[in-house]
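Dear colleague,

I am passing on the structure below, together with a summary of what turned up when I went through it. Please look at it first, and then read the notes with it open beside you.

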Amino acid sequence: MEKRREHRRVISKVISFLLHRVTLISLTAILMLLLGGRFELASAIQPNFEPASVTQPNAELEIQKLTTCYALGTDAIGRGNLQEGKNIYRDCFTQDARITAIFPDGASEVRIGTDAWADFVYSVFQGNGYQATQHLIGTINISVQANRAKMSSYLHATHKRSETSIDVANGTYEDEVILNRNGRWKISNRTLTLIDFLNLSSPTTPTARTTPVELRLPHMQQ
């Protein structure tokens, strides 16, 4: 009899232990399900603000193309084709983009909208008698944050006056770029700061001539 009682006590303890473990496992599973559901719900409720680098792996490349786009538009105007320049600019900028040029003497010009800027560039090129231009862009640095980006790039620009004379400009572009509703990157704000603007002419003597240029700017209408 005593052995039977002992066996019953052992069996009872084992059953109690197993029930206790099963209960803990069940509670753990229930908690995991509940917490998992909450996390899924939170993820579903939260808006998707993934960085552009995740949703658009080619974001930096697309943004870099914008500064090349601007150079091509400006050189179209330099060839005398104002309308082609305007068409290209519209691919680079937002419709209400703010574009600023700061010259070496501290003077500045600001235009709102790509057509207004194209008209300004055309008047400068024509007023100075340029036959063609070539804008080289380099040292491009891009920082992307969500649907916005900042870009800086260096400029080396050649403006042909004649077969023996060119004007050379060097400076830095600072851009603010946004991702529009159509999923395209556009420049919304561009500032060009020029550090020099010089004329280079083929010499009639062995000594080359380099002189600062007094750039003719159109008078703004009041």
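I begin with one residue, cysteine 69, which is buried, since its relative accessible area is 12% and the cut-off for buried is under 20%. Please keep in mind throughout that this is a predicted model, and that what follows was computed from it.

Cysteine 69 is joined to cysteine 92 by a disulfide, with the two sulfur atoms 1.9 Å apart, and the count of disulfides comes to one. The link connects distant parts of the chain, with cysteine 69 in helix 3 and cysteine 92 in helix 4, 23 residues apart. The torsion about the S-S bond is about -80°, so this disulfide is left-handed. As for the partner, cysteine 92 has a relative accessibility of 0% and therefore counts as buried.

It may help to place these two helices in the chain as a whole. The secondary structure comes to five helices and seven strands, and along the sequence they follow the pattern α-α-α-α-β-β-α-β-β-β-β-β. Of the 222 residues in the chain, 32% are buried, while the accessible surface comes to about 14,700 Å², with 55% of that belonging to carbon and sulfur atoms. If one takes the contacts with a separation of 6 or more, 55% of them are between residues 24 or more positions apart.

Helix 4, which spans residues 82-92, has as its buried residues Gly85, Lys86, Ile88, Tyr89 and Cys92. What covers these residues? The cover includes helix 3 (59-78), strand 1 (93-102), helix 5 (114-127) and strand 6 (185-201).

Of the buried residues in helix 4, tyrosine 89 is the one I would ask you to follow, and its relative accessibility of 0% is why it counts as buried. Leaving out residues up to four places away in sequence, tyrosine 89 touches Tyr70, Gly73, Thr74, Ile77, Thr114, Trp117, Ala118 and Val121.

Two of the contacts of tyrosine 89 deserve a closer description, and the first is with threonine 74. This threonine is found in helix 3, and it is buried because its relative accessible area is 2%, under the 20% that the term requires. The side chain of threonine 74 makes a polar contact, at 2.7 Å, with the side chain of tyrosine 89. Apart from its neighbours within four places in sequence, threonine 74 is in contact with Tyr89, Val121, Phe125, Thr133 and His135.

The second is with tyrosine 70, and it brings us to the aromatic pairs, of which the structure holds six. The rings of tyrosine 70 and tyrosine 89 have centres 5.2 Å apart and planes at 5°, so this pair is stacked. Like the disulfide, the pair links distant parts of the chain, namely tyrosine 70 in helix 3 and tyrosine 89 in helix 4, 19 residues apart. Tyrosine 70, at 4% relative accessibility, counts as buried. Tyrosine 89 also forms an aromatic pair with phenylalanine 93, and this one is edge-to-face, with 6.1 Å from centre to centre and 85° between the planes. Phenylalanine 93 is itself buried, its relative accessible area being 3%. Together with Tyr173, the residues Tyr70, Tyr89 and Phe93 form one aromatic cluster.

Which residues have the most contacts inside the largest nonpolar core? They are Tyr89, Phe93, Trp117 and Trp185, in a core of 36 residues. At least two residues of this core are supplied by each of helix 3, helix 4, strand 1, helix 5, strand 4 (148-162), strand 5 (165-179) and strand 6. Helix 3 gives the largest share, seven residues. As general background, nonpolar side chains in soluble globular proteins tend to be buried together.

Finally, there are two backbone details to look at. Most residues other than glycine have a negative phi. Threonine 139, however, has a positive phi, near 45°, and it lies in strand 3 (residues 132-145). This threonine is exposed, with a relative accessible area of 56%. Alanine 146 likewise has a positive phi, near 55°, and its place is in the loop between strand 3 and strand 4. At 33% relative accessibility, alanine 146 counts as partly exposed.

With best wishes

Notes: Residues are numbered from 1 along each chain as its sequence is written. This is a predicted model: local features need pLDDT of at least 70, side-chain atom pairs count only at pLDDT 80 or more; totals for chains, interfaces and linings use all residues. Side-chain values use heavy atoms; hydrogens and water are left out. Buried means under 20% relative accessible area, exposed over 50%, partly exposed in between (1.4 Å probe, protein chains only). Helices (H or I, at least four residues) and strands (E, at least two) are DSSP runs, numbered from the N terminus. Contact means heavy atoms within 4.5 Å. Accessible areas come from the Shrake-Rupley method with a 1.4 Å probe; for residues, only the protein chains shown count as cover. A polar contact is a pair of N or O atoms within 3.5 Å; within protein, one must be able to donate a hydrogen and the other to accept it, and residues adjacent in sequence count only if both atoms are side-chain atoms. A nonpolar core is a set of buried Ala, Val, Leu, Ile, Met, Phe, Trp, Tyr and Cys residues joined through side-chain atoms within 4.5 Å. A disulfide is a pair of cysteine sulfur atoms within 2.5 Å. Rings of Phe, Tyr and Trp (its six-membered ring) pair if their centres lie within 6.5 Å; planes under 30 degrees apart count as stacked, over 60 as edge-to-face and the rest as tilted.
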